[in-house]
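User: Hi! I would like to learn how to read pockets and salt bridges in a protein model. Could you walk me through an example?

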Amino acid sequence: MYLNFKLPFAFALVFLVYTGESQPAVFDVTKFGAKPDSNEDISKALLSAFKEACNSKIPSKVVIPKGIYLMNQVRLEGNCKAPIELQIQATLKAPPNPSQLKKDMEWLTINHIDHFTLSGGGIFDGQGEQGWAQNDCKNSESCGKLLNNLSFNFLTNSIIRDITSLDSKLFHINVLGCKNLTFIGVNIKPPAQSLNTDGIHVARSRGVNITNSQIGTGDDCISIGDGVQQMYITNVTCGPGHGISVGSLGKTPGELPVVGVFVQNCTFIDTDNGVRVKTWPASHNGVVRDLHYEDIIVQNVSNPVVIDQLYCPYNQCKKDLPSQVKISKVSFKNIRGTSRTQDAIQINCSKGVPCEGVEVGDIDITYKGNEGPAKSSCQNVDPSFVGKQNPPVCTSSAESS
């Protein structure tokens, strides 16, 4: 039986409240000294406009009108007295040289606000090309901490809609400690060679929804860290990139469980992975439970379906010791399309804590290379099956233990 899940009622309620607001107090940054299409930094003007708007007792809107603006690092802090919207109609450009930026701040950070909206169709251009060479941890042990384009921390009942993020130096969007946060119509467009530039990374948050968005990146389109609960991802197109990933998990002690991730009606085009769960070997204890993937299209994807509990990039771990992250209650249903390798399905679980409650149904993934048909691999898992299995999943006793 398919889940046929929908975005939760809380999302619909928040959306109606926001679209129903009328006649907010408007704070235009050009009234605070910002000048479009000049070489002047608008950080002070934005901070001043936001401070006044945040103190407004009625709903307010901070507007950056059309034009191109240079903006240094900015941190906008609540707690605001009424709902507040940051409407960016402009293109904002970050300083291109990472060495000239503070390492303890992101580019634009929004903290501790209830009922916040970011909107306007604007573009956040991180000008990240100078930083990407510093992201290459494979070839450099001194790979540095660079800036995320956008950082949302401890927001509640909030919406991010109709924005574009370009060429971030590190992650495009980082989410931490948020509750009931919805992304609608987000576009992320870096080149594929931009290393470690995750599209949207979420950790220690509850009720995060991502819908109707297009994400291309040099790393995971969406990455899900520890402590995420009840996350819904729908109608997202991913590519290029590494797919939608839970993890990697287990490397750090004290990680919180990941419970309730729902991915539906998503498309992956020319990505390295489709839907993926990854945990480190020789790991600390952890829990991943209640993951559901349904109605997924893969087009020329290298690894369409992956559970990898021996995730070990750059061989910087002890593969002979099993992962201690327990994975259970996972379903893969109605996944179809093409793989650019034979490895269409990989469900390789930990020998220390085998996967439980894995269900696979209506898989139809083809590979037309010279090596032969698409195939699956399974370890330490005994899944249940419904519907079509192409390729056959876990059919050999040698593959499943």
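Analyst: Happy to; we will take the pocket first and then the salt bridges. Keep in mind that this is a predicted model.

User: How does one look for empty space, and what volume does the largest pocket have here?

Analyst: The general idea is to roll a probe the size of a water molecule over the atoms, which shows where empty space is left. In this model the largest pocket has a volume of about 1,100 Å³. Its lining is made of 38 residues, and the closest to the centre are Phe-171, Asn-196, Ser-248, Lys-278 and Tyr-311.

User: Which elements give two or more residues to that lining?

Analyst: Three strands do: S14 (200-203), S18 (244-249) and S20 (273-279). Sorted by class, the lining has 15 polar, 13 charged and 10 nonpolar residues.

User: Now the salt bridges. What is the idea, and how many does a search of the whole structure find?

Analyst: Side chains of opposite charge can pair when their charged atoms come close. The search of the whole structure finds nine salt bridges. One of them pairs Lys-93 with Asp-125, with the closest N and O atoms 2.8 Å apart. This pair links distant parts of the chain, as Lys-93 sits in strand S6 (residues 91-93) and Asp-125 in strand S9 (residues 123-125), 32 residues apart.

User: Is Asp-125 buried or exposed?

Analyst: Asp-125 counts as buried because its relative accessibility is 10%, and the cut-off for buried is under 20%. Its partner Lys-93 has a relative accessible area of 23%, so Lys-93 is partly exposed.

User: What does the salt bridge between Asp-220 and Arg-276 look like?

Analyst: Here the closest N and O atoms are 3.0 Å apart. Asp-220 lies in the loop between strand S15 (206-215) and strand S16 (222-224), while Arg-276 belongs to strand S20, so the pair ties together parts that are 56 residues apart in sequence. Asp-220 is buried at 2% relative accessibility, and Arg-276 is buried at 10%.

User: Where do Lys-333 and Glu-359 lie?

Analyst: Lys-333 is in strand S23 (residues 325-339) and Glu-359 in strand S25 (residues 356-366), so their pairing ties together parts that are 26 residues apart in sequence. Their closest N and O atoms are 3.4 Å apart. Lys-333 counts as buried, at 4% relative accessibility, whereas Glu-359 is partly exposed at 21%.

User: Which residues do salt bridges with shared partners join into one network?

Analyst: Asp-220, Arg-276 and Lys-278 are joined in this way. You have already met Lys-278 among the residues closest to the centre of the largest pocket.

Key. Residues numbered from 1 in each chain as written. Predicted model: local features only at pLDDT ≥ 70, side-chain atom pairs only at ≥ 80, totals over all residues. Heavy atoms only, no water. 1 Å grid on protein atoms, 1.4 Å probe; cavity = no way out; pocket = protein on both sides within 12 Å on 5 of 7 lines; lining within 4 Å. Points joined across faces, edges and corners; volume = space filled by probe spheres on them. Helix = DSSP H or I, 4+ residues; strand = E, 2+ residues; numbered from the N terminus. Nonpolar A, V, L, I, M, F, W, Y, C, P; charged D, E, K, R; others polar. Salt bridge = Lys/Arg side-chain N within 4 Å of Asp/Glu carboxyl O. Buried < 20%, exposed > 50% of the residue type's maximum accessible area, 1.4 Å probe, protein only.
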